[in-house]
Structure formats: structure tokens, C-alpha cells
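These are my notebook entries on a structure that is new to me, set down in the order in which I looked things up.

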Amino acid sequence: LLVPAAGARFEQYCAGLHEPRVLDSFIEVALLKANSLERVLAEGFKVAQRGLIFPHGGLQLTPGVVHTLLHCRIAVGRSFGAESSEVKTASQRCPPGQSPVPAGFDSFRLLDARLPAADEESSSVSRDYYFEYALFRSEAALPTALLACDLRAIPIPRALTMGGEPGAGSSVALADEPIDQA
């Protein structure tokens with residue numbers, strides 16, 4: 001765990017959910033706004049009245065760069081499906097300190113969530129498995145790992161014979177070579 005004290009609060013929060021549903025979420029550190037990485041690692045997430053949106057499912061990562069991702073466990077419990085505009089309106093009408101989520105539910109699942117725009121034809125990411133959840137309690141999100149994804153030139157294993165020359169042999173060794181970039 002990145003924030004040990006938050007682990008106990010997260011487990012206690014999960015025990016009180018309407019449904020024990022916990023999902024994985026990966027957040028690009030570069031997209032963190034009011035919740036700087038330093039703050040999240042020291043204290044956990046700060047949740048404003050409008051809540052925090054956590055993605056679940058597909059990731060859209062730009063090739064050729066290093067991405068820093070924060071892995072979180074998110075306690076969504078029983079989710080109420082709503083459009084983003086409905087969640088925003090409910091948040092604005094809700095008295096400070098109270099959750100805008102309807103009684104009997106723990107979070108909102110945004111029905112109009114879309115994977116961030118990218119080149120549709122070159123993307124290998126499935127757009128069919130992408131969801132966003134709005135959470136309104138800081139203890140509902142637990143940062144667990146910080147990951148660096150290097151998407152620059154990727155080595156490709158190449159089959160070599162025992163003598164080190166490319167060819168078809170019964171014994172194979174692997175050699176890493178970077179992808180030629182056009």
C-alpha cells in the first residue's frame with residue numbers, strides 16, 4: 001500500500017457498502033489536478049463536493065512516451081447509473097458534507113463515459129470495456145501502486161540458432177532488438 005493509514009479506512013468503508021464491489025482503476029499521474037501525487041501519497045484523495053471520477057477498463061496510452069500511472073482500488077459498491085450532467089446537478093443541489101448518491105447506492109456509474117479521444121483506426125484499445133465512476137468519499141479510493149509504463153521502442157524477441165545466426169533450428173535462444181521506427 002502506498003498510504004498505509006488509508007488501508008484501514010478503505011476496508012472499514014468497504015464493510016459498510018450496499019454491495020461489496022471493488023474495482024481497479026488506473027489514473028495517469030499527469031492528469032491529477034487538485035489531488036497532486038504528493039498529496040495522494042501522503043494523505044489519500046481529497047474529494048470535493050462534486051466528487052471524483054475514476055476510470056475502470058480500457059486505457060488510452062500514447063505510444064512513444066513513458067506514462068506514470070497510479071493504481072487504485074475503488075469501492076463502487078452498488079452504483080446508480082446516471083449521465084454526467086445529472087451527477088453534476090445532483091452534486092450542486094446537495095447540501096455540503098452530504099452525498100448526492102441516491103439512498104441505497106454507494107456511487108454513480110457515468111452512463112455517458114467515453115474513452116478519451118484518440119485515433120480510432122490505430123487504437124488497439126477496446127471501447128466496449130470502459131466505465132467511469134463518481135465517488136464522494138475519500139475512503140472509497142485506495143492508492144496501491146505507482147507504475148511507469150515505457151511505451152517507447154519495444155524489444156522484439158528474435159529466434160536464433162545455437163550458433164547465433166538467424167535460421168530454423170531445433171534449439172532457440174532469444175535476442176532482444178528494438179523495433180525499427182519509420
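Before looking at any helix I fixed my terms: a residue is buried when its relative accessible area is under 20%, and exposed when that area is over 50%. I also note at the outset that I am reading a predicted model.

**Entry 1: the chain as a whole**

I began with the overall layout and found three helices and nine strands in the chain, which follow one another along the sequence in the pattern α-β-α-β-β-β-α-β-β-β-β-β. Of the 182 residues in the chain, 32% are buried. I then looked up how far apart in sequence the contacting residues are: among contacts between residues at least 6 apart, 76% join residues at least 24 apart.

**Entry 2: helix H1**

I turned next to H1, which covers residues 4-15 and so has 12 residues by its own record of length. Helix H1 reaches 18 Å from its first C-alpha to its last, close to the 16 Å expected at 1.5 Å a residue. Which residues of H1 are buried? I found Ala6, Gly7, Phe10, Tyr13 and Cys14 to be buried, and, seen down the axis of H1, the buried residues fall within an arc of 130°, so they line one face of the helix. A general point helps me here: an α-helix has 3.6 residues a turn, so residues three or four places apart point the same way. On the other side of H1, I noted Pro4, Ala5, Ala8, Gln12 and Ala15 as exposed. I also looked up what covers the buried residues of H1, and the cover includes strand E1, strand E3 (66-75) and strand E7 (141-150).

**Entry 3: isoleucine 74**

Since E3 is part of that cover, I picked out isoleucine 74, which lies in strand E3. Isoleucine 74 has 0% relative accessibility and therefore counts as buried. Leaving aside residues up to four places away in sequence, I found that isoleucine 74 touches Phe10, Arg21, Val22, Leu23, Ser25, Phe54, Tyr133, Leu135, Ala140 and Ala141. Phe10, which is in this list of contacts, is also one of the buried residues of H1. Cysteine 14 is 60 residues from isoleucine 74 along the chain, and their C-alpha atoms are separated by 9.5 Å.

**Entry 4: the largest pocket**

How much space lies in the largest pocket? I read a value of about 1,000 Å³, with a lining of 33 residues, of which Leu31, Lys33, Leu52, Ile53 and Phe54 lie nearest the centre of the pocket. Strand E1 (22-28), strand E2 (52-57), helix H3 (84-93) and strand E6 (130-135) each supply at least two residues of this lining, and the largest share, five residues, comes from H3. By class, the lining of the largest pocket divides into 19 nonpolar, seven polar and seven charged residues.

**Entry 5: asparagine 35**

I then went to the loop between E1 and helix H2 (37-43), where asparagine 35 lies. Buried or exposed, I asked of asparagine 35? Its relative accessible area is 5%, so asparagine 35 is buried. Not counting residues up to four places away in sequence, asparagine 35 touches Val40, Gly44, Phe45, Lys46 and Leu52, and Leu52 is one of the residues that lie nearest the centre of the largest pocket. From asparagine 35 to lysine 46 there are 11 residues in sequence and 6.3 Å in space, C-alpha to C-alpha.

**Entry 6: the cavity and histidine 56**

I also checked for enclosed space, and the count comes to one cavity of 30 Å³ or more, with a volume of about 40 Å³ for the largest cavity. The residues that line the largest cavity are Asp24, Ser25, Phe26, Pro55, His56, Gly57, Gly58 and Leu59, and E1 and E2 each supply at least two residues of this lining. I sorted the lining of the largest cavity by class into three nonpolar, four polar and one charged residues.

From this lining I chose histidine 56, whose place is in strand E2. Histidine 56 has a relative accessible area of 10% and is therefore buried. What does histidine 56 touch, not counting residues up to four places away in sequence? I found Leu23, Asp24, Tyr129, Tyr130, Phe131 and Tyr133. The C-alpha atoms of histidine 56 and glutamate 132 are separated by 6.0 Å, although these residues are 76 apart along the chain.

**Entry 7: leucine 115**

My last look was at leucine 115, which is found in the loop between strand E5 (107-110) and E6. With 9% relative accessibility, leucine 115 counts as buried. Leucine 115 lies 60 residues from proline 55 in sequence, and 8.8 Å from proline 55 in space, C-alpha to C-alpha.

How values were computed: Residues are numbered from 1 along each chain as its sequence is written. This is a predicted model: local features need pLDDT of at least 70, side-chain atom pairs count only at pLDDT 80 or more; totals for chains, interfaces and linings use all residues. Side-chain values use heavy atoms; hydrogens and water are left out. On a 1 Å grid over the protein atoms alone, a cavity is a set of points where a 1.4 Å probe fits but cannot get out, and a pocket is an open set with protein on both sides within 12 Å along at least five of seven lines; lining residues have an atom within 4 Å of a point. Grid points are joined across faces, edges and corners, and a volume is the space filled by probe spheres set on the points. Helices (H or I, at least four residues) and strands (E, at least two) are DSSP runs, numbered from the N terminus. Ala, Val, Leu, Ile, Met, Phe, Trp, Tyr, Cys and Pro count as nonpolar, Asp, Glu, Lys and Arg as charged, and the others, Gly among them, as polar. The expected span of a helix is 1.5 Å times one less than its number of residues. Buried means under 20% relative accessible area, exposed over 50%, partly exposed in between (1.4 Å probe, protein chains only). The arc is that of the directions from the helix axis to the C-beta atoms. Contact means heavy atoms within 4.5 Å.
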